[in-house]
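Reader: I would like a close look at the charged side chains of this model and at how they pair. Please take the pairs one by one and give the reasoning behind each.

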Amino acid sequence: MKKKGILVSFIVTLCFLVSCKDNKNEASKVDKSEAIISQDIPVYDFEGLEPLLYTQNNKTYLINFWAMWCLPCVEELPYIQEYANKNPNVEVILVSMDFPKDIETKLKPFLKKNNITTKVVLLDDPDANSWINKINPEWSGAIPFTIMFNSEKRFYYERSFDDLQDIEIEISKNFNK
């Protein structure tokens, strides 16, 4: 009789733990989704953005200029997000070129729909002819455009990345990781 009572207690406890775990996972999914919606998306002019494009430490950064209306940009975002998820030691920032008025109605819903949780900032500076050259005089202004850098090295990509491996190869090749 004692064995039967212990077995029942064990099964009840096990069921409780499994059910709590499932609830926690569901809560985690909801929290992540809500974090995307409530994510603060700062709006910068170039002067405000520029400090994000340089570092004094040896941390590696990946800064991607993109927009929702740019198909190659949208196609590479999942790879950049996956890279960010797998490499928390690399600072990944997505610089949106969309309109500030669209943050709440278009940009945040777009990020949620596409599960983009990487840090997003918005660049709102109409004098592109001046700031594009400050970033890289060889940049035509086309997006997607990505900068990978640390305090010693800086690489520019005026193209989209084909997949996660494409990003990993460039980081590894250039930063000996």
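Author: What follows describes the salt bridges of the chain, with a short account of its fold beforehand and of one helix afterwards.

The model is a predicted one, and its chain has 6 helices and 6 strands, which follow one another from the N terminus in the order α-β-α-β-α-β-α-β-α-β-β-α. Of the contacts between residues at least 6 apart in sequence, 70% join residues at least 24 apart, and buried residues account for 37% of the 177 residues.

Side chains of opposite charge can pair when their charged atoms come close. With a cut-off of 4 Å between a side-chain nitrogen of Lys or Arg and a carboxyl oxygen of Asp or Glu, the count in this chain is 7 salt bridges.

One of these salt bridges joins K59 and E91, with a distance of 3.2 Å from N to O. Because K59 sits in the loop between α2 and β2 while E91 belongs to strand β3 (residues 91–96), this pair ties together parts that are 32 residues apart in sequence. K59 is partly exposed, at 31% relative accessibility, and E91 is also partly exposed, at 24%.

A salt bridge also links D102 to K101, where the closest N and O atoms are 3.4 Å apart. Here D102 is buried, with a relative accessibility of 8%, whereas K101 is exposed, with a relative accessible area of 66%.

In the salt bridge between E104 and K108, the closest N and O atoms lie 3.0 Å apart. Both residues are in helix α4 (residues 103–113), and since they are 4 residues apart, about one helical turn separates them. An α-helix has 3.6 residues a turn, so residues three or four places apart point the same way. E104 is exposed, with a relative accessible area of 54%, while K108 counts as buried at 8% relative accessibility. Elsewhere, R159, D166, E170 and K173 are joined into one network by salt bridges that share partners.

For a view of buried side chains, one may turn to helix α5 (residues 128–135), whose buried residues are W131, I132 and I135. These residues lie on the same side of α5, because the arc they cover around the axis is only 105°. The buried residues of α5 pack against α2 (46–49) and against the strands β2 (61–66), β4 (119–123), β5 (145–149) and β6 (154–157). As for the outside, the accessible surface of the chain comes to about 10600 Å², and 56% of that surface belongs to carbon and sulfur atoms.

How values were computed
Residues numbered from 1 in each chain as written. Predicted model: local features only at pLDDT ≥ 70, side-chain atom pairs only at ≥ 80, totals over all residues. Heavy atoms only, no water. Helix = DSSP H or I, 4+ residues; strand = E, 2+ residues; numbered from the N terminus. Buried < 20%, exposed > 50% of the residue type's maximum accessible area, 1.4 Å probe, protein only. Contact = heavy atoms within 4.5 Å. Areas by Shrake-Rupley, 256 points an atom, 1.4 Å probe, with all protein chains shown as cover. Arc of directions from axis to C-beta.
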